[in-house]
Amino acid sequence: MTTSSPVPDAVPAAVPSVAPPAAAAVVPEAPAPPTMRDVLAAARRIDGLVVRTPALAHPELDRAVAHAGADGASLVVKHENLQHTGAFKVRGALNLLLGFDEAERRRGIVAYSTGNHAQALAHAGRRTGTACTIVMPHHPNPVKERAVRDLGADVLLHGETFDDARVRAAEVAAATGARLVGAANEPVLVAGVATATLELLQQAPDLDVLVVPVGGGSGAAAACLVAAALAPGLRVVAVQASASPAAHDSWRAGELRTAANATRAEGLAVGCGFALTQQVLRDHLEDFLLVDDDAIAAAQRAYLTGARTVAEGAGAAALAAVLTHPDAFAGRRVGVVCSGGNASEAELRRALG
Ligand SMILES: *Cc1c(COP(=O)(O)O)cnc(C)c1O
């Protein structure tokens with residue numbers, strides 16, 4: 001994979017004289033997952049532009065797990081909270097944009113997000129000279145809007161909900177030729193994100209289990225692909241917030257589901273399953289756990305007080321799963337993905353309160 005498909009959401013200007021059956025054009029096809037070659041190519045492409053984040057043991061976290069029950073476990077935390085822009089997503093964004101040719105860079109990218117997806121794309125856009133437009137609903141969190149603007153992206157405020165922003169982003173893509181970049185169903189992003197697991201396996205080759213937080217599922221799908229290829233005995237366990245369980249419900253049901261979407265953990269606040277990531281999870285995932293928002297806050301507190309680590313809610317969800325289901329990890333060497341550190345002051349106060 002050397003280039004990404006340009007402008008997948010552009011609408012043809014004119015209807016071709018021999019039109020294909022209408023259904024063929026609208027059935028949402030899952031793009032094929034990346035291969036291990038794609039992951040290795042991504043690692044080479046983004047080398048030097050991402051932080052090789054530390055994978056650290058934290059004795060106090062091990063003690064907290066032992067205290068929670070069973071025989072305890074020994075944890076290795078993959079610190080993507082220390083990644084550029086404070087989350088793992090920049091790995092995927094850089095992999096995508098570094099593969100663009102000159103014309104694609106000029107046409108640019110457009111996305112709808114207020115969170116880490118937006119910051120990752122803005123950061124990668126600046127590093128590669130790619131124009132980046134982020135659509136947000138009106139009245140976004142001003143701190144997040146500022147962060148994206150400071151990274152050099154254009155922010156377009158539109159509508160009241162994320163659906164409004166999504167529709168507007170698709171219109172911008174169709175009108176300008178900019179590449180609409182979703183947060184899931186994007187094989188190039190998954191390949192880039194998979195480099196985090198590749199690093200972790202080099203840093204800690206003897207893990208028994210790897211626990212990964214899920215929103216759209218790119219991070220967990222990436223972990224599954226790398227584990228299946230390089231460490232077949234390594235079990236991958238996904239974690240979602242019980243207030244936003246769409247990926248969990250989709251995996252359990254074996255078909256794409258929508259679900260309530262009310263978690264405070266923004267990186268996990270997704271309301272539907274996605275075909276690409278679900279397909280990979282169906283083939284490779286060992287188990288899928290749910291944690292409630294209070295357990296996530298308790299894990300944020302454990303990171304702050306026991307591991308000198310600032311984790312946002314999504315970043316603490318994997319640890320929350322180990323602390324609330326200690327029996328499932330008893331006596332194991334457990335990789336725990338701390339996926340992001342972009343916690344607001346209010347969020348940290350609530351976790352400590
Ligand atoms: C986006 C995000 C997640 C969820 O990742 P998916 O690939 O969408 O499943 C988890 N944690 C953080 C910090 C994130 O930004």
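Two strands count as paired here if DSSP finds at least two bridges between them. Keep that in mind for the close-ups below, which all come from a predicted model.

**View 1. Four strands line up in an open sheet with parallel pairing.** Reading across the sheet, the order is β5-β4-β3-β6. The edges belong to β5 (154–157) and β6, each of which pairs on one side only. Zoom in on β3 (residues 109–112) and β4: these two run parallel and are joined by 4 bridges. For a handy landmark on this pair, look for Ile109, which sits opposite Cys132 in β4. As background, strands of a sheet pair through backbone hydrogen bonds, either parallel or antiparallel.

**View 2. Strand β7 is walled in by the rest of the structure.** All of its residues, 5 of 5 across 209–213, are buried, so the strand is largely enclosed. Buried here means under 20% relative accessible area. Check where the side chains go: Val209, Val211 and Pro213 point one way, while Leu210 and Val212 point the other way. Which of these residues are buried? Every one, on both sides of the strand.

**View 3. β7 has a parallel partner in β8 and another in β10.** With β8 (residues 235–241), β7 shares 5 bridges, and the two strands run parallel. Val209 is the residue to click on for this pairing, since it faces Arg235 in β8. Turn to β10 (residues 333–338) and you'll find 3 bridges to β7, again in the parallel sense. There, Val211 has Val336 as its bridge partner.

**View 4. A helix links β7 to β8 in a right-handed β-α-β unit.** The helix in question is α10, residues 218–230. What sense do β7 and β8 run in relative to each other? They are parallel.

**View 5. The ligand sits in a shell of 15 residues.** The closest ones are Lys89, Asn116, Gly215, Gly217 and Ser339. Three contacts are worth picking out. From its side chain, Lys89 puts an N or O atom 2.6 Å from a ligand oxygen. Gly215 uses a backbone N or O atom instead, at 2.7 Å from an oxygen of the ligand. Gly217 also offers a backbone N or O atom, at 2.7 Å from a ligand oxygen. How much of the ligand's accessible area does the protein cover? It covers 97% of the 380 Å² that the ligand has on its own. Sorted by class, the shell holds 9 polar, 4 nonpolar and 2 charged residues.

**View 6. His139 and Asn185 are loop residues with positive phi.** Neither is a glycine. His139 has a phi near 60° and lies in the loop between β4 (132–136) and α7 (142–150). Is His139 buried or exposed? Its relative accessible area is 70%, so it is exposed, the cut-off being over 50%. Asn185, with a phi of about 60°, is in the loop between β6 (179–180) and α9 (187–203). Asn185 counts as partly exposed because its relative accessibility is 26%.

**View 7. Ala302 is a buried residue in helix α13.** The helix spans residues 293–307. Ala302 counts as buried because its relative accessibility is 14%. Put a distance label between the C-alpha atoms of Ala302 and Leu319 and you should get 8.8 Å; the two residues are 17 apart along the chain.

Terms used: Residues are numbered from 1 along each chain as its sequence is written. This is a predicted model: local features need pLDDT of at least 70, side-chain atom pairs count only at pLDDT 80 or more; totals for chains, interfaces and linings use all residues. Side-chain values use heavy atoms; hydrogens and water are left out. Buried means under 20% relative accessible area, exposed over 50%, partly exposed in between (1.4 Å probe, protein chains only). A crossover is right-handed if, with the strands pointing away from the viewer, the path from the first strand over the helix to the second runs clockwise. A residue is near a molecule or strand if one of its heavy atoms lies within 4 Å of it. A polar contact is a pair of N or O atoms within 3.5 Å; within protein, one must be able to donate a hydrogen and the other to accept it, and residues adjacent in sequence count only if both atoms are side-chain atoms. Accessible areas come from the Shrake-Rupley method with a 1.4 Å probe; for residues, only the protein chains shown count as cover. Ala, Val, Leu, Ile, Met, Phe, Trp, Tyr, Cys and Pro count as nonpolar, Asp, Glu, Lys and Arg as charged, and the others, Gly among them, as polar.
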